[in-house]
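User: Hi! I'd like a close look at one helix in this complex, together with whatever surrounds it. Could you walk me through that part in one go?

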Amino acid sequence: MAVDVRIPTIMRPHTGGQAKVSAEGTTIGEVIASLVGQFPGIAGQIVTPDGALHKFVNVYVNDDDVRYIGKLDAPVKAGDVVSILPAVAGGA
Amino acid sequence: MLQLTDATYSRILGHAYDGLPMEACGLLGGRPGGVGSGAHASVFYATGNDAHSTKVYTIPPKEHLRAERDAEDRGLEIIGVVHSHTHTEAYPSPTDVRQAPDPGWHYVIVSLRDDAPTLRSYRIVDGNIAEEPVVVVADR
């Protein structure tokens, strides 16, 4: 299934500046693999060396945080929009 | 240099006070600066603080997503993040620097320590903090 992936500004140097790219997969894991296949430099920004989603990255399928719908097994279908957002936090 | 519209500036201060005793936070929407021109923030996306703390803040990811979409709909981008320091100065803490997610962003801090609020803005790149002037401009 082809899905649109929204790339946050900080990762765009890895996608040649593109804010939106296309990727293939039926799960988030497959979509990420497809993304990394196209843009190898982006891997370290999204997943840890053992393949899990980084804590400081939020991934959404449409309006759903993938943490609650299966993480890397979260299903995606054609036309879904996957959004990758960095975690934004700080303190006093 | 960061330009804030009147309305954005007021909303930021209001949200900071509304958040007491917790830290308040939000995202800035607008146009990034270019060579010779400062960034222009015309929208403040007041968000909740997922950390619910007087000392730390976390922008709720779902609200971040909504802000990104809204900014895009308006032909703008998210150009920075705002948060309050309830009892310390308006300067990035080690936590702020360590967790700064985007070197292109403007980091606005509002201190509520004194009787009058202080709003200051910074660029944080590779752990280096550089303060930048903030200019409040008429709404456009």
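Analyst: Happy to; what follows is a walk around helix α2 of chain B and its surroundings.

Please keep in mind that this is a predicted model. Let's start with the helix itself. α2(B) covers residues 61-73. With 13 residues, α2(B) reaches 18 Å from its first C-alpha to its last, close to the 18 Å expected at 1.5 Å a residue. Just after α2(B) comes Gly75(B), which takes a positive phi of about 75°.

Which residues of α2(B) are buried? They are Pro61(B), His64(B), Ala67(B), Glu68(B) and Ala71(B). Seen down the helix axis, these buried residues fall within an arc of 115°, so they line one face of α2(B). The general background is that an α-helix has 3.6 residues a turn, so residues three or four places apart point the same way.

And what do the buried residues pack against? Their partners come from both chains: β3, β4 and β5 of chain A, together with β2, β3 and β5 of chain B.

On the chain A side, the sheet in question is open and has five strands in the order β2-β1-β5-β3-β4, with mixed pairing. Its edge strands are β2 (20-24) and β4 (64-65) of chain A, each pairing on one side only. β4(A) is joined to β3(A), residues 57-61, by two bridges, and these two strands run antiparallel. Within that pair, Val61(A) stands opposite Asp64(A). Two helices can be placed on this sheet. Helix α1 of chain A (residues 28-38) touches β1, β2, β3 and β5 of chain A, and its direction makes about 120° with that of β2(A). α2(B) packs on the sheet from the other chain, touching β3, β4 and β5 of chain A, with its direction at about 110° to that of β5(A).

On the chain B side, eight strands form an open sheet in the order β8-β7-β6-β5-β2-β3-β1-β9, again with mixed pairing. The edge strands here are β8 (128-132) and β9 (134-137) of chain B. The twist averages 35° from one strand to the next. β6(B) and β7(B) pair in the antiparallel sense over five bridges, with Tyr107(B) opposite Tyr122(B) in β7(B). Helix α1 of chain B (residues 6-19) packs on this sheet, and its direction makes about 30° with that of β3(B).

Stepping back to the interface, 23 residues of chain B are in contact with 14 residues of chain A. β4 (56-58), α2 (61-73), β5 (77-85) and α3 (94-99) of chain B each supply at least two residues of the side that touches chain A. The largest share, five residues, comes from α2(B). By class, this side of chain B has seven nonpolar, ten polar and six charged residues.

The two chains are also linked through strands. β6 of chain A (residues 89-91) is joined to β4(B) by three bridges, and the two run antiparallel. In that pairing, Ala89(A) stands opposite Thr58(B).

One last stop is Phe56(A), in the loop between α2 (43-46) and β3 of chain A. Is Phe56(A) buried or exposed? Phe56(A) counts as exposed because it has 12 C-beta neighbours inside 10 Å. Leaving aside residues up to four places away in sequence, Phe56(A) touches Pro86(A) and Ala87(A).

Conventions:
Residues are numbered from 1 along each chain as its sequence is written. Chains are lettered from A and ligands numbered from 1 in the order in which they are written. This is a predicted model: local features need pLDDT of at least 70, side-chain atom pairs count only at pLDDT 80 or more; totals for chains, interfaces and linings use all residues. Two residues are in contact if their C-beta atoms, placed from the backbone, lie within 7 Å. Helices (H or I, at least four residues) and strands (E, at least two) are DSSP runs, numbered from the N terminus. Ala, Val, Leu, Ile, Met, Phe, Trp, Tyr, Cys and Pro count as nonpolar, Asp, Glu, Lys and Arg as charged, and the others, Gly among them, as polar. Two strands pair if DSSP finds at least two bridges between them. Axes are lines fitted to C-alpha atoms, for helices over the stretch in contact, and angles run from 0 to 180 degrees between N-to-C directions. The expected span of a helix is 1.5 Å times one less than its number of residues. A residue is buried if 20 or more other C-beta atoms lie within 10 Å of its own, exposed if 12 or fewer, and partly exposed in between; C-beta atoms are placed from the backbone. The arc is that of the directions from the helix axis to the C-beta atoms.
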